[in-house]
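Please open the model in your viewer and keep the sequence panel visible. The stops below are meant to be selected in order.

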Amino acid sequence: MNAVFPGSFDPITSGHMDVLTRASRIFDQVTVTVMHNARKQGRHLFTLDERLEILREATAHFPNVSVDSFGGLLVDYMARQETGSVIVRGLRAVSDYEYELQIAHLNRQIGDAETVFIMAATRWSFVSSSMVREIASYGGNVSEMVPRASASALRRKHADVYEEREAELQAQTAGS
């Protein structure tokens with residue numbers, strides 16, 4: 001049985017990687033799919049191509065994981081997959097469940113697509129891509145919250161901020 005793990009992955013986090021690792025043990029093949037919406041263009045920190053590259057680097061060690069992208073309804077993407085493929089969604093908290101349950105019901109109603117939920121490990125229950133982006137925008141250390149590929153991309157994206165913060169920290173250390 002195959003699975004599709006959809007998301008915006010802007011960027012992929014350690015919570016995503018936790019869910020993906022477990023999904024890769026359950027399913028024969030997992031396709032991580034960056035869903036892109038032309039109406040949301042410009043709202044992402046990373047371009048579609050950057051997100052795909054980060055994902056390819058972060059998932060390279062998984063023999064049964066591939067990376068793809070799709071614009072449009074997830075059920076349309078699922079209709080192109082092998083019969084019996086399922087959607088995998090990660091959950092961090094009850095609030096995620098309520099939202100994801102509605103989406104799962106809609107996907108089943110309009111496209112006969114089944115959804116399997118995988119709970120993220122407790123240590124990642126507070127990590128979201130938006131929080132990681134916020135911390136990184138101030139030069140904060142996100143290396144524990146994201147895979148190396150995401151951390152490197154965030155450092156490149158916010159290079160000026162990271163350099164400024166490191167200079168400030170060195171000045172504080174020298175002044176102590």
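The tour goes from the whole chain to single residues, then to contacts between side chains and to the surface.

**Whole chain**

Begin with everything shown as a cartoon, and keep in mind that this is a predicted model. The protein chain has 7 helices and 5 strands. Reading from the N terminus, the order of elements is β-α-β-α-β-α-β-α-β-α-α-α. Taken along the principal axes, the C-alpha atoms fill a box of roughly 65 × 35 × 30 Å. The chain has 176 residues, and 43% of them count as buried.

**Strands β1 and β2**

Select residues 2–7, which are β1, together with residues 29–36, which are β2. In which sense do β1 and β2 pair? The pairing is parallel and runs over 6 bridges. To find one place where the strands face each other, show N2, which stands opposite Q29 in β2. Now colour β2 by accessibility: this strand is mostly covered, with 6 of its 8 residues buried.

**The loop after β1**

Move on to the loop between β1 (2–7) and α1 (14–26), and pick P11 there. Show the backbone between D10 and P11: the peptide bond from D10 to P11 is cis, and its omega is near 0°. F9 is found in this loop between β1 and α1 as well. F9 is not a glycine, yet its phi is positive, at about 45°. Both features deserve a look, because most residues other than glycine have a negative phi, and most peptide bonds are trans. Is F9 buried or exposed? F9 counts as buried because its relative accessibility is 4%, and the cut-off for buried is under 20%.

**The loop after α4**

Next, select D112, in the loop between α4 (94–111) and β5 (115–119). D112 has a positive phi too, of about 55°, and is not a glycine. Unlike buried F9, D112 counts as exposed, at 63% relative accessibility.

Keep this region on screen and add the side chains of R108 and E114. These two form a salt bridge, with the closest N and O atoms 3.3 Å apart. R108 is partly exposed, with a relative accessible area of 47%. E114 is partly exposed as well, at 38%.

Then select A79 and G111 and draw a distance between their C-alpha atoms. The separation is 7.5 Å, although the two residues are 32 residues apart along the chain. A79 sits in helix α3 (residues 74–79). With a relative accessible area of 66%, A79 is exposed.

**Salt bridges to helix α6**

The structure holds 8 salt bridges. For another of them, show the side chains of E50 and K157, which meet at 3.2 Å, N to O. What does this pair tie together? E50 lies in helix α2 (residues 48–59) and K157 in helix α6 (residues 148–157), so the contact links parts that are 107 residues apart in sequence. E50 is partly exposed, with a relative accessible area of 30%, and K157 is partly exposed at 34%.

Stay on helix α6 and select R155 with E166. Their salt bridge has its closest N and O atoms 2.3 Å apart. R155 lies in helix α6 and E166 in helix α7, so this pair ties together parts that are 11 residues apart in sequence. R155 counts as partly exposed at 39% relative accessibility, and E166 counts as partly exposed at 35%.

**A charged patch**

For the last stop, switch to a surface view. Which residues form the negative surface patch? Select D160, E163, E164 and E168, which make up this patch. To place the patch in the fold, click on E163, which is in helix α7 (residues 159–175). E163 counts as exposed because its relative accessibility is 52%, and the cut-off for exposed is over 50%.

How values were computed. Residues are numbered from 1 along each chain as its sequence is written. This is a predicted model: local features need pLDDT of at least 70, side-chain atom pairs count only at pLDDT 80 or more; totals for chains, interfaces and linings use all residues. Side-chain values use heavy atoms; hydrogens and water are left out. Patches are made of residues with over 30% relative accessible area and no salt bridge: like charges are joined within 9 Å, nonpolar side chains (Val, Leu, Ile, Met, Phe, Trp, Tyr) within 5 Å. Accessible areas come from the Shrake-Rupley method with a 1.4 Å probe; for residues, only the protein chains shown count as cover. A salt bridge is a side-chain nitrogen of Lys or Arg within 4 Å of a carboxyl oxygen of Asp or Glu. Lys and Arg count as positive and Asp and Glu as negative; His and the chain ends are not counted. The place of a charge is taken as NZ of Lys, CZ of Arg, CG of Asp or CD of Glu. Helices (H or I, at least four residues) and strands (E, at least two) are DSSP runs, numbered from the N terminus. Buried means under 20% relative accessible area, exposed over 50%, partly exposed in between (1.4 Å probe, protein chains only). Two strands pair if DSSP finds at least two bridges between them.
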